[in-house]
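Trainee: Please take me closely through a single part of this chain, and set it against its surroundings as you go. I would rather have one connected account than a list.

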Amino acid sequence: MHRICIYSQDIIWITGRSERYAQEVMRDIRLLYHKDRRQHVTIAEACDYLGLPYQEVFNMINGIKVG
């Protein structure tokens, strides 16, 4: 089973930015998609917001080796 939710630690790992930055990104995504603090943010929503390719991020988070 693959994970479809993203956490601030994932954003830190993917972007190489600070924890505070990742928390702000998560907050902004929740505001954009009208989500409550308790609702999860999906990888697709984060990729759309950050402008990153979904498949690459999905593979990174789920440890899928490509090629």
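Mentor: A search of the whole structure, which is a predicted model, finds one aromatic pair. An aromatic ring also takes part in a contact of another kind, since the charged end of R17 sits over the ring of Y21, 3.9 Å from its centre. For the close look I would choose helix α3, and within that helix the residue I43, but the frame around it should come first.

The chain contains four helices and two strands, and read from the N terminus these elements follow the order β-α-α-β-α-α. Its radius of gyration is 12 Å, which agrees with the value near 11 Å that a compact globule of 67 residues would have. Taken along the principal axes, the C-alpha atoms fill a box of roughly 35 × 25 × 20 Å. Of the 67 residues, 28% count as buried, and among contacts with a separation of 6 or more, 42% join residues that are 24 or more positions apart.

Against that background, I43 is buried because its relative accessible area is 0%, below the 20% cut-off. Once its neighbours within four places in sequence are set aside, I43 is in contact with R3, I4, C5 and I6, and also with Y54, V57, F58, I61 and N62. Of these partners, V57, F58, I61 and N62 are buried residues of α4, as is N59. One of these pairings can be given a distance: I43 and F58 stand 15 residues apart along the chain, while their C-alpha atoms are separated by 6.8 Å. By way of contrast, the C-alpha atoms of P53 and S18, 35 residues apart along the chain, are separated by 21 Å.

The contacts of I43 lead directly to the nonpolar core. In soluble globular proteins, nonpolar side chains tend to be buried together. Here the largest such core has 13 residues, and the members with the most contacts inside it are I6, I11 and I43. At least two residues of this core are supplied by each of α2 (19–32), α3 (43–50) and α4 (54–62), with α2 giving the largest share, four residues.

Returning to α3 as a whole, its buried residues are I43, E45, A46 and C47, and what covers them includes β1, α2, β2 and α4. Seen from the other side, the buried residues of α4 pack against β1 (5–6), α1 (8–15) and α3, so that α3 and α4 each appear in the account of the other's buried residues.

The cysteine of this helix deserves a separate word. At 5% relative accessibility C47 counts as buried, and C5, with a relative accessible area of 16%, is buried too. A disulfide is a covalent bond between the sulfur atoms of two cysteines. The sulfur of C47 finds its closest cysteine sulfur in C5, and because 13 Å lies between them, they are too far apart for a bond. The cut-off that this step needs is 2.5 Å between the sulfur atoms, and by this rule the count of disulfides comes to zero.

It remains to follow the chain out of α3. Just after the helix, G51 takes a positive phi of about 75°, and P53 is then found in the loop between α3 and α4. P53 counts as partly exposed because its relative accessibility is 41%. Beyond the next helix the backbone shows a comparable feature, for G63, just after α4, takes a positive phi of about 65°. Most residues other than glycine have a negative phi. H34 therefore deserves notice, as its phi is positive, at about 55°, although it is not a glycine. H34 has its place in the loop between α2 and β2 (41–42), and it counts as exposed because its relative accessibility is 73%, whereas I43, at 0%, is buried.

Methods:
Residues are numbered from 1 along each chain as its sequence is written. This is a predicted model: local features need pLDDT of at least 70, side-chain atom pairs count only at pLDDT 80 or more; totals for chains, interfaces and linings use all residues. Side-chain values use heavy atoms; hydrogens and water are left out. Buried means under 20% relative accessible area, exposed over 50%, partly exposed in between (1.4 Å probe, protein chains only). A nonpolar core is a set of buried Ala, Val, Leu, Ile, Met, Phe, Trp, Tyr and Cys residues joined through side-chain atoms within 4.5 Å. Contact means heavy atoms within 4.5 Å. Rings of Phe, Tyr and Trp (its six-membered ring) pair if their centres lie within 6.5 Å; planes under 30 degrees apart count as stacked, over 60 as edge-to-face and the rest as tilted. A charge sits over a ring if NZ of Lys or CZ of Arg is within 6 Å of the ring centre and within 35 degrees of the ring normal. The radius of gyration is taken over C-alpha atoms; the globule rule is 2.2 Å times the number of residues to the power 0.38.
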